[in-house]
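Dear colleague,

Please find the structure below, together with its sequence. I would be grateful if you could read the notes that follow with the coordinates open.

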Amino acid sequence: TYGHFPPQALADANGKRLLSWRVLILPYLDQANLYNEFHLNEPWDSEHNIKLVAKMPAVFKPPGLPVDTSEVGKTRFVAPLTKDSVFGRIGGGVKIQEINDGLSNTLLIVEASADKAVVWTKPEDVLIDDINPLLSIITKDSDGFTACLCDGAARFFSKGNDAKTLNALLSIDGREVIEWDKL
């Protein structure tokens with residue numbers, strides 16, 4: 001529709017981050033009514049918008065996991081943020097043409113460990129450490145993580161993947177070759 005992925009956050013004219021990309025994609029998830037309830041010129045925790053946290057759509061809830069009542073409104077679906085990732089770039093949304101590594105070779109969203117969950121409306125995601133990107137996403141006890149690639153495919157990545165491969169998957173323009181048979 002817009003020729004680019006959404007930005008990591010909706011920001012005001014001064015650059016103050018107001019709402020998450022998760023809010024911005026609501027109309028494309030059959031959640032236009034919920035999207036229209038937001039005051040887009042107010043932060044996620046404004047008096048009005050904070051009331052909408054409890055209305056988190058089911059699509060942002062991890063499948064098959066019980067929802068702890070103390071965690072209502074939190075999601076584990078986050079954008080992995082690096083200087084070279086889709087949502088880590090400064091400014092507006094990344095255009096598909098800018099993803100020179102290929103849509104099927106670039107991570108968009110990851111399902112992080114429960115300890116990395118964020119309020120779904122808050123413009124907060126997961127900062128990725130380039131030395132050990134895996135531990136930025138999951139705990140040492142996890143088997144791996146599920147991710148959505150830029151082409152829309154979902155895939156499980158085991159914890160056995162090395163930092164070089166994960167950093168290559170996070171980069172939109174590193175020109176790395178992904179050896180899928182080794183993943």
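The notes below go through the sheet, the nonpolar cores, the pocket and some backbone details.

Please bear in mind that this is a predicted model.

The sheet

Four strands make up an open sheet, arranged in the order 4-6-9-10 with antiparallel pairing. The edge positions are taken by strand 4 (77–78) and strand 10, each of which has a single partner strand, so one side of each is left without a neighbour in the sheet. As general background, strands of a sheet pair through backbone hydrogen bonds, either parallel or antiparallel.

Beginning at the strand 4 edge, two bridges connect strand 4 with strand 6 in antiparallel fashion, and F77 is found opposite E111 in strand 6. Strand 6 (107–111) is then joined to strand 9 by three bridges, again antiparallel. In this pairing, I109 has C148 of strand 9 as its bridge partner. Finally, strand 9 and strand 10 (residues 154–158) run antiparallel and are joined by five bridges. Here C148 is bridged to A154 of strand 10, and G144 to S158 of strand 10. C148 is thus a bridge partner of I109 and also of A154.

Strands 9 and 10 form a hairpin, with four residues between them. In its turn, G152 has a positive phi of about 95 degrees.

C150 and the nonpolar cores

Where does C150 sit, and is C150 buried or exposed? The residue is in the loop between strand 9 and strand 10, and its relative accessible area of 8% falls under the 20% limit, so C150 counts as buried. Leaving aside residues up to four places away in sequence, C150 touches F5, V86, I99, L103, T106, L107 and L108. The C-alpha atoms of C150 and I172 lie 9.6 Å apart, with 22 residues of separation in sequence.

V86, one of the residues touched by C150, also belongs to the largest nonpolar core, which has 27 residues. Together with F38, F87 and W120, V86 has the most contacts inside this core. Strand 2 (17–20), helix 1 and strand 6 are the elements that give two or more residues to the core. A second core of 19 residues lies apart from it and includes L134, I138, A168 and I178.

With residues up to four places away in sequence again left out, the contacts of V86 are F5, V94, I99, T106, L107, L108, C150, L170 and I172.

Among these contacts, L170 belongs to helix 4, where L166, A168, L169 and L170 are buried. The cover over the buried residues of helix 4 includes strand 5 (80–81), strand 6, helix 3 (133–137), strand 9 and strand 10. A168 is therefore both a buried residue of helix 4 and a member of the 19-residue core.

The largest pocket

The largest pocket has a volume of about 780 Å³. Its lining comprises 31 residues, of which F5, P6, W21, I25 and L108 are the closest to the centre. By type, the lining divides into 24 nonpolar, five polar and two charged residues. Helix 1 (21–24), strand 6 and strand 9 each supply at least two of the lining residues. Two of the residues closest to the pocket centre, F5 and L108, are also touched by C150 and by V86.

Positive phi outside glycine

Most residues other than glycine have a negative phi. Which residues have a positive phi although they are not glycine? D30 is one of them, at about 60 degrees, and R175 is another, also at about 60 degrees.

D30 is placed in the loop between helix 1 and helix 2 (32–37). Its relative accessibility is 75%, over the 50% limit, so D30 counts as exposed. R175 lies in the segment that follows helix 4 (163–170). R175 is likewise exposed, because its relative accessible area of 60% is over 50%.

With kind regards

Notes: Residues numbered from 1 in each chain as written. Predicted model: local features only at pLDDT ≥ 70, side-chain atom pairs only at ≥ 80, totals over all residues. Heavy atoms only, no water. 1 Å grid on protein atoms, 1.4 Å probe; cavity = no way out; pocket = protein on both sides within 12 Å on 5 of 7 lines; lining within 4 Å. Points joined across faces, edges and corners; volume = space filled by probe spheres on them. Nonpolar A, V, L, I, M, F, W, Y, C, P; charged D, E, K, R; others polar. Core = buried A, V, L, I, M, F, W, Y, C linked by side-chain atoms within 4.5 Å. Buried < 20%, exposed > 50% of the residue type's maximum accessible area, 1.4 Å probe, protein only. Contact = heavy atoms within 4.5 Å. Pairing = 2+ DSSP bridges.
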